[in-house]
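Visitor: I would like to walk through this structure and ask how each label is earned.
Guide: Gladly, let us look together.

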Amino acid sequence: MSNFFSKAEVTSSGRPVLLHNEVECHLLSAVDLEPEDHRHFSLLKSGLLILTTHRLIWLPSSSASTPTSASAIPLAAISHIFSSKKSLKSVFHSPRIRFQVLVSSDGRVFDPSSGSGSSSGSGSRSVVVTAVIRGKGDCDGFLVKFWDSWRARAWETTKISSSGSGSASGSGAATGIGGGLYSSDGSVRMVGVAGILRKEQEMWESTDKSLQDAFQDLNALMSKAKEMVMLAEKMRQKLLSGTSSQTSGTNDEDMGSKEEMQDWLLSVGIISPVTKESAGALYHQQLSRQLADFVRIPLERAGGMINLIDAYCLFNRARGTELISPDDMLQACSLWEKFDVPVMLRKFDSGVMVIQNKSHSDEEVFARIKSLVTKPEALRTGISPTDAAMTLGIAPAMAKEHLLTAESKGLLCRDISPDGFRFYINLFPEIDPCNMYFVKDYGICSTWIKAVSTTGLGIGERSSTFR
Amino acid sequence: MQKLGDFKLPHFFNYPPYFTLQPVRETREKQIQLWKELILDYCRIQKIFVIRLEEEFPLFSNSVVERTLSHEAREAFLSALVAEGRAEWLDKGRRNCLILWHRIQEWADIIVNFVKDNGFEDSVMTVEEIRSGIESRGTELQGIDRTILVRALKLLEHKGKLAIFKGTSTDDEGVKFSV
């Protein structure tokens, strides 16, 4: 059975690769996608359905097959969305969303990005696809957003803006030549009174649009208020039923509603106390994967280890508006051990938390520290965290953590003085308390003595008399 | 080799970490061991019986590497000596420490030998004479700390080797040997 849908690209952490200007709008879990003609085409079972401004992306769940089966339907290929019919039957079934998709000559979903510019081109046939939502997600909300995204036609704006930016440099030369309202590429120019009027018009239109969006948010708020009331009721019932449900909880209905409650609580911003038992809400799972992707580049630049706080700042700065709380960050990092991502969270004895590559090796770092600290200069004066940072190519705070760890393993000794905090190679194991004046001909002690005596520091024939 | 007075210093005396109390247990245990030996050796050779923590003690500073033991470190090393029975705190505030580079029993043995060597078996001496008399010159008893001497004498008294009696003043405290 061949694949009906287009292929969607996925990162190594299982997150979809988004197109330019593509933004995620909504998520639903445990969704089946059934093309009408599923005798000839495979149907996709129980995955994550992500609605974006440009596409519908379907990701297989982590227990299923490899990421190569991630699929997508461009919104441009959708010709119609059916409104949901509430009937007696729909009370017993899982909710369904049905929509009509244009199909190209080979019977697969029409992909407008391949070749022809017009969307009404070779797709004369259409097929109905049904999304069966078996998970406990907000189906109605998803449908509303689906309509909005489909009508907004964000993919067309992208085309115009990209072609507009391309011609901007071209028309720069053209503005000098001749008058006229239209520039060489056909877009309207802003000149004269007509230009001012047109600018005003455009401002009105954008204000109107943003007002519409604002009212949309109000509608969303009002529907959420209804959910809030339901939530308060549910929570009250949950509290009334007491702690007895926590110990068993093998009941499917129980687990489902717990997850639901968790999601709702999270959407209000309350951290659910139930989080520890499950793998975490869907939000945290997706955030966790997104974070794993993002943190790869900063990690490389920082030499393989980055302070958690630094990563948090970088991540939030990149996100721009939808900032995450420190707690979300911590949750997301803690979930990494449940997924197969190449990064991990690590806590040092001093309490400092860092993100490092799974492939990072402590032994390798210790070997490099050892070779640094046995150089003649380091034997004489020791090394500071800054020296280690320069040699290892990491931040001084990270270097200090490595030095402290090396010290706890007996590789180094600390030296605290008005000059600061420095580390030396550990000579103590080589010294015999019963034979303190004896130094072996080989070994680190004699190397140290040689290094130290070349500067005349110490083991000369000076005698200082003290009484 | 570097010296402190007549005392020969070991090579690791110029190793800066030696002067910082090490936090790692194994390293610290070794460090403490080395300091204990060094303190005992130094005190024996220089005939130092009391270390006062708040005063300067030559062994605790190294002007060559410009390091000095912190108060915490000094207390740690001396406490280790006390735990081993080679030292005693003279006050509750742990500011003064009596160093027993010979244990009290060893001192007692030295006194007995001193008595035998000089034929004082049935004689009477003052405490002061024992530590600063002509006979004690050149022996280990010369200049011995009074507190230690009295403790050793008391130990011998307990064993019946002598009797201590008071004179008209403290200096006149006398000892009758019956070794």
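**How the labels are earned**

Guide: What covers the buried residues of helix α5 of chain B includes β7 (96-99), α3 (104-118), α4 (127-132), β9 (162-165) and β10 (174-177), also of chain B. Please keep in mind that this is a predicted model.

Visitor: Which residues of α5(B) are the buried ones?
Guide: They are Ile148(B), Leu149(B), Val150(B), Ala152(B), Leu153(B) and Leu156(B). The word is used because a buried residue has under 20% relative accessible area.

Visitor: How do you know that the span of α5(B) agrees with what a helix should have?
Guide: The helix runs over residues 146-158, which is 13 residues, and at 1.5 Å a residue it should span 18 Å. Its end C-alpha atoms are 18 Å apart, so the two values agree.

Visitor: What is found at the start of α5(B), and what just after it?
Guide: At the start, a side-chain oxygen of Asp145(B) comes to within 3.1 Å of the backbone nitrogen of Thr147(B). Just after the helix, Gly160(B) has a positive phi of about 80°.

Visitor: Where is Arg94(B) found, and why is it called partly exposed?
Guide: Arg94(B) sits in the loop between β6 (87-89) and β7 of chain B. Its relative accessibility is 35%, and partly exposed covers what lies between under 20% and over 50%, so Arg94(B) counts as partly exposed. Arg94(B) also has a positive phi of about 55°, although it is not a glycine.

Visitor: And what makes Ser46(A) partly exposed?
Guide: The reasoning follows the cut-offs of 20% and 50%: Ser46(A) has 36% relative accessibility, so it counts as partly exposed. This residue belongs to strand β3 (residues 44-52) of chain A. Its phi is near 50°, a positive value in a residue other than glycine.

Visitor: How do you know that the span of helix α7 of chain A agrees with expectation?
Guide: Helix α7(A) takes in residues 282-294, and its 13 residues at 1.5 Å each should span 18 Å. The end C-alpha atoms are 18 Å apart, which agrees. Among its buried residues are His284(A), Arg289(A), Leu291(A) and Asp293(A).

Visitor: Let us turn to the interface. What makes the pair Arg67(B) and Asp415(A) a salt bridge?
Guide: Their side chains meet at 2.8 Å, N to O. The cut-off for a salt bridge is 4 Å between a side-chain nitrogen of Lys or Arg and a carboxyl oxygen of Asp or Glu, so a pair that satisfies it earns the name. Across the interface of chain B and chain A, the rule finds 1 salt bridge.

Visitor: Which elements of chain B supply the side that touches chain A?
Guide: β1 (3-4), β2 (7-8) and α1 (25-46) of chain B each supply at least two residues of it. The largest share, 8 residues, comes from α1(B). By class, this side of chain B has 16 nonpolar, 9 polar and 6 charged residues.

Visitor: How many residues take part in the contact, and what is the buried area?
Guide: Chain B gives 31 residues and chain A gives 33 residues. The area buried between the chains is about 3100 Å², with 64% of it from carbon and sulfur atoms. The count of residue pairs in polar contact is 9.

Visitor: What does chain B come to in helices, strands and buried residues?
Guide: Its secondary structure comes to 5 helices and 10 strands. Of its 179 residues, 51% are buried.

Definitions and conventions. Residues are numbered from 1 along each chain as its sequence is written. Chains are lettered from A and ligands numbered from 1 in the order in which they are written. This is a predicted model: local features need pLDDT of at least 70, side-chain atom pairs count only at pLDDT 80 or more; totals for chains, interfaces and linings use all residues. Side-chain values use heavy atoms; hydrogens and water are left out. Helices (H or I, at least four residues) and strands (E, at least two) are DSSP runs, numbered from the N terminus. The expected span of a helix is 1.5 Å times one less than its number of residues. Buried means under 20% relative accessible area, exposed over 50%, partly exposed in between (1.4 Å probe, protein chains only). Contact means heavy atoms within 4.5 Å. A polar contact is a pair of N or O atoms within 3.5 Å; within protein, one must be able to donate a hydrogen and the other to accept it, and residues adjacent in sequence count only if both atoms are side-chain atoms. Buried area is the accessible area (1.4 Å probe) that two parts lose on being put together, summed over both. Ala, Val, Leu, Ile, Met, Phe, Trp, Tyr, Cys and Pro count as nonpolar, Asp, Glu, Lys and Arg as charged, and the others, Gly among them, as polar.
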